[in-house]
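Biologist: Hello! I am new to this structure and would like to learn how to read it. Could you take me through it step by step?

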Amino acid sequence: MKGFQDRELIDSLVAADSPSWSVRAAAGRRLAAVPQIEAVADVLHRLLLDVQDTAVTSETAVALLARGDLPGLRAVLAARAEAADQGTADQLSAELDGDPRWMTGNGVAELIRQLQALTSDVDPGVRDEARRRLSLLRQDD
């Protein structure tokens, strides 16, 4: 993977299974930086839904959202749609609501464009989450 050394990738994948929350959180941050996150999507999804510590959820979600791209946002929405644990669901919502792109006009426009694009996603959970986020925006107007 361009820009991401094979050894780093292997180390991050191993770290994602660590018993230590801080090691898993660091793995989530590193894996979120992989250019083609589809290659590590299952591991990222598992970290976003970490059952042991919402800090892992938070760190991974923040790193994915910081990418500012559709795959990163999609990964967080997919996890939010599937989150069964209320603490995890709340943490993912908080990270989505606290995305720094909401702070600038251009960032908001791009985020809304991405959410609109994801309302047509093949995954019904992603579609529903994107629609729900857009409807929340409309209520704030």
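**Reading a predicted model**

Modeller: Gladly, and note that this is a predicted model. Let us begin with one residue and its partners: setting aside neighbours within four places in sequence, A55 is in contact with W21 and A25. A55 itself belongs to helix α4.

Biologist: Is A55 buried, exposed or partly exposed?

Modeller: A residue under 20% relative accessible area is called buried, and one over 50% is called exposed. A55 has 22% relative accessibility, so A55 counts as partly exposed.

Biologist: How far is A55 from A39 in space?

Modeller: Their C-alpha atoms are separated by 23 Å, with the two positions 16 residues apart along the chain as the sequence offset.

Biologist: What is the mean pLDDT of the protein?

Modeller: The mean pLDDT is 92, and 95% of the residues reach 70 or more. Confidence also varies by element: the lowest mean is 88, in α8, while the highest is 98, in α3.

Biologist: Now the interior. Which residues touch the most other members of the largest nonpolar core?

Modeller: The general idea is that nonpolar side chains tend to be buried together in soluble globular proteins. Here the largest nonpolar core has 36 residues, and L31, L64, L73 and L92 touch the most other members. Two or more residues each come from α1 (6–15), α2 (21–32), α3 (41–48), α4 (54–66), α5 (70–82), α6 (86–97), α7 (105–118) and α8 (124–140). The largest share, 6 residues, is given by α5.

Biologist: Which residues is L31 in contact with, beyond its neighbours within four places in sequence?

Modeller: The list for L31 is L9, S12, L13, A16, I37, V40, V43, L44 and L47. Let us follow one of these partners, L13, which lies in helix α1. Leaving out neighbours within four places, L13 is in contact with L31, V40 and V43.

Biologist: Is L13 buried, exposed or partly exposed?

Modeller: L13 is partly exposed, because its relative accessibility is 31%. As for distance, L13 and R24 are 11 residues apart in sequence and 9.3 Å apart in space, C-alpha to C-alpha.

Biologist: I would like to see a contrasting case. What is the relative accessibility of A130?

Modeller: A130 has 0% relative accessibility, so A130 counts as buried. A130 is found in helix α8, and beyond four places in sequence A130 is in contact with L77, L115, L118 and T119. The C-alpha atoms of A130 and I112 lie 9.2 Å apart, for a sequence separation of 18 residues.

Biologist: Where is V126 found?

Modeller: V126 is found in helix α8. With a relative accessible area of 0%, V126 is buried. Outside its neighbours within four places in sequence, V126 is in contact with R74, A78, A81, L118 and D121. V126 and E82 show how the chain brings positions together: they are 44 residues apart along the chain, and 9.2 Å separates their C-alpha atoms.

Biologist: What about a residue in a loop? Is D50 buried or exposed?

Modeller: D50 is buried, because its relative accessible area is 8%. Its place is in the loop between α3 and α4. Apart from neighbours within four places in sequence, D50 is in contact with R24, V56, T57 and T88.

Biologist: Finally, the pockets. Which residues line the largest pocket?

Modeller: To read a pocket, look at its space and then at its lining. The largest pocket holds about 210 Å³ of space. Its lining consists of I37, E38, A41, D42, L44, H45, P71, R74, A75, A78, E82 and D123. Two or more of these residues come from each of α3 and α5, and α5 gives the largest share, 5 residues.

Biologist: How many lining residues are nonpolar, polar and charged?

Modeller: The lining has 6 nonpolar, 1 polar and 5 charged residues. You can now revisit V126, whose contacts include R74 and A78; both R74 and A78 also line the largest pocket.

Technical notes
Residues are numbered from 1 along each chain as its sequence is written. This is a predicted model: local features need pLDDT of at least 70, side-chain atom pairs count only at pLDDT 80 or more; totals for chains, interfaces and linings use all residues. Side-chain values use heavy atoms; hydrogens and water are left out. A nonpolar core is a set of buried Ala, Val, Leu, Ile, Met, Phe, Trp, Tyr and Cys residues joined through side-chain atoms within 4.5 Å. Buried means under 20% relative accessible area, exposed over 50%, partly exposed in between (1.4 Å probe, protein chains only). Helices (H or I, at least four residues) and strands (E, at least two) are DSSP runs, numbered from the N terminus. Contact means heavy atoms within 4.5 Å. On a 1 Å grid over the protein atoms alone, a cavity is a set of points where a 1.4 Å probe fits but cannot get out, and a pocket is an open set with protein on both sides within 12 Å along at least five of seven lines; lining residues have an atom within 4 Å of a point. Grid points are joined across faces, edges and corners, and a volume is the space filled by probe spheres set on the points. Ala, Val, Leu, Ile, Met, Phe, Trp, Tyr, Cys and Pro count as nonpolar, Asp, Glu, Lys and Arg as charged, and the others, Gly among them, as polar. pLDDT is the predictor's confidence in each residue, from 0 to 100.
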